[in-house]
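Colleague: I would like to go through this model with you step by step, and I will ask about one place at a time. Could you show it to me before we begin?

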Amino acid sequence: MPFIALGINHKTASVDVRERVAFTPEQTVEALQQLCRVTATREAAILSTCNRSELYLEQDQVEADAVLAWLASYHRLDLDDLKACAYVHTDDEAVRHMMRVAAGLDSMVLGEPQILGQMKSAYAVAREAGSVGPLLGRLFQATFSTAKTVRTDTAIGENPVSVAFAAVSLARQIFSNLDRSQALLIGAGETITLVARHLHEQGVKRIVVANRTLERASALAEQFGAHAILLADIPDELANSDIVISSTASQLPILGKGAVEQALKRRKHKPMFMVDIAVPRDIEPQVGELDDVYLYTVDDLHEVVAENLKSRQGAAMAAEELVAAGTEDFMLRLRELAAVDVLKAYRQQAERIRDEELSRAQRLLANGASADDVLAALARGLTNKLLHAPSVQLKKLSAEGRIEALTMAQELFALNESPDK
C-alpha cells in the first residue's frame, strides 16, 4: 500500500532545526492544501509538536523526495540540510511508525500520553483541510485503536513521566523546598496545565499563569488556586519568580535578555530556574548567558527523562508487540479491501455473462426449442464465456515466460485439490 511517513524529531534534529520546520496551527490547513496541490499527493496530514514535525501521506506516484523538496521550500530551508536530519518510512513501516508515535514509543518521554491527543488533533485538522480520504482515514482510526490498546493493556503510562514532569523534577533538584518558591507559567495549553498540576502536587503555593488571553489564563489558574495575568504583565511578575516555565505557540520570543537582566537586579541576583519547552523558543538563548540563571530547553531534559524511564522499559517491550500486531492486522485488512474491489469487478462481469446467456436461453425456449437442448446450450455458453478471458491471459503469460502466473492460477482455482473436496 502506498503510505509514506516522513519528517524530523528530537532524535534526528536539534531544537534550532525543529523550530524552523514546525507548523503553527494557523498554517496547517493552508499547508496541507498546498502540499496536495503541488505534489499531487492524494491524502495527507501534518503532525507538528515541540519534538517532531511529520507528514503522513497516502499517495500513488509521488516520491518522498518531492515531498521533502516541498517541505524545504515551504519553510525556506536548504534541501540537503533537511535531508540530513529527515527520515522516511514507507508502506507497512510507515503504518508501524505512526502507531509507535501515537503510543508514545517514539517520544522523548517514553509512553507520554499527550502525543495521542496531538495526533487526534492532526487528524481533525486534516479533515478540516479536506486532505484525508478513506485510506488515510482508516490508518488513523487503526492507529488510535492500537494506541488505546497499548494504554489499557500495558503499564507504559502509569508513572507520571512527561516533559512537564521532567521540568518539575529538575526544579526540585535545584530548589530543595519547592513550597517556598514562586512559579511563573507562560502559556495555557496542555503542557503548561501538566506543569501546573505537578507544581501544585509538589507543594508550590504561589503560581502565576501568563497568557495572551486572560480568559484562558484564568480558566487554568482557577484549577490550582493560581493568579492569572496577561503576557504584557510578565515584567512585573518576573522579579518575584523563582521558577519560569514557558510553552506557547508564539513565533517570536516572549522573554528577552534585557527583561531577565532587569528582573535579576530587582531580585538581587537570587537564582532563577527557567525551562523553555516551546518550539520555536519562547526565551531568547542569550538569557542562558546571564549569571544566576539556569536555562534549559526541551533538549536539555534528556538526562532527567532518562531517570524516569527505567520503570517503563519492560512495558515498552509489550507495547512494541501490540504495535507489531496492530500493523499486521491493518495491512491484512487493507489487502483484503483490495481483493474486495477485484472480486466485485469479477462478479459484475460474471453476472453480465449470466444475464446474456439466460436471455438467449429464454428466447430459444420461446421459439420452441427443446428444454434439454436449451439447458445444454446455456451450460456450454456459460462455461465458454467464463473461461475465455482467463484462458487467453494464461496463454499470453505463459508465452511471455511468466511461469509463476500458472502456479498462481492453480492455487487461485484450487486445481491441486482432489475433486471430492
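Modeller: Let us start with the contacts of one residue: E237 touches Q182, R206, V208, H227 and I229, where residues up to four places away in sequence are not counted and contact means heavy atoms within 4.5 Å. Please keep in mind that this is a predicted model, in which local features need pLDDT of at least 70 and side-chain atom pairs count only at pLDDT 80 or more, while totals for chains, interfaces and linings use all residues. Residues are numbered from 1 along each chain as its sequence is written, and side-chain values use heavy atoms, with hydrogens and water left out.

Colleague: Is E237 buried or exposed?

Modeller: The classes rest on relative accessible area, found with a 1.4 Å probe on protein chains only: buried means under 20%, exposed over 50%, and partly exposed in between. The relative accessible area of E237 is 12%, so E237 is buried.

Colleague: With which side chain does the side chain of E237 make a polar contact?

Modeller: A polar contact is a pair of N or O atoms within 3.5 Å; within protein, one must be able to donate a hydrogen and the other to accept it, and residues adjacent in sequence count only if both atoms are side-chain atoms. E237 belongs to helix α11, residues 234–238, where helices (H or I, at least four residues) and strands (E, at least two) are DSSP runs numbered from the N terminus. At 3.3 Å, the partner of the E237 side chain is the side chain of Q182.

Colleague: Why is the pair of F3 and F330 tilted?

Modeller: Rings of Phe, Tyr and Trp (its six-membered ring) pair if their centres lie within 6.5 Å, and planes under 30 degrees apart count as stacked, over 60 as edge-to-face and the rest as tilted. The structure holds 9 aromatic pairs, and in this one the ring centres of F3 and F330 are 6.0 Å apart. The pair counts as tilted because the planes of F3 and F330 stand at 50 degrees.

Colleague: How many residues apart are F3 and F330 along the chain?

Modeller: Both F3 and F330 are buried. F3 lies in strand β1 (residues 3–9) and F330 in helix α14 (residues 313–366), so that the pair links distant parts of the chain, and the separation is 327 residues.

Colleague: Which element gives the most to the lining of the largest pocket?

Modeller: On a 1 Å grid over the protein atoms alone, a pocket is an open set of points where a 1.4 Å probe fits, with protein on both sides within 12 Å along at least five of seven lines, and lining residues have an atom within 4 Å of a point. The largest pocket is lined by 49 residues, and P25, S48, Q118, T248 and A249 lie nearest its centre. Among the elements that give two or more residues to this lining are α2 (25–39), β2 (43–48) and α6 (114–129). The most, 7 residues, comes from α6.

Colleague: Is A40 buried or exposed?

Modeller: A40 is found in the loop between α2 and β2, and its phi is near 65 degrees, a positive value in a residue other than glycine. Since its relative accessible area is 55%, A40 is exposed.

Colleague: Where is P280?

Modeller: The peptide bond from V279 to P280 is cis, with omega near 0 degrees. P280 lies in the loop between β9 (272–276) and β10 (293–297).
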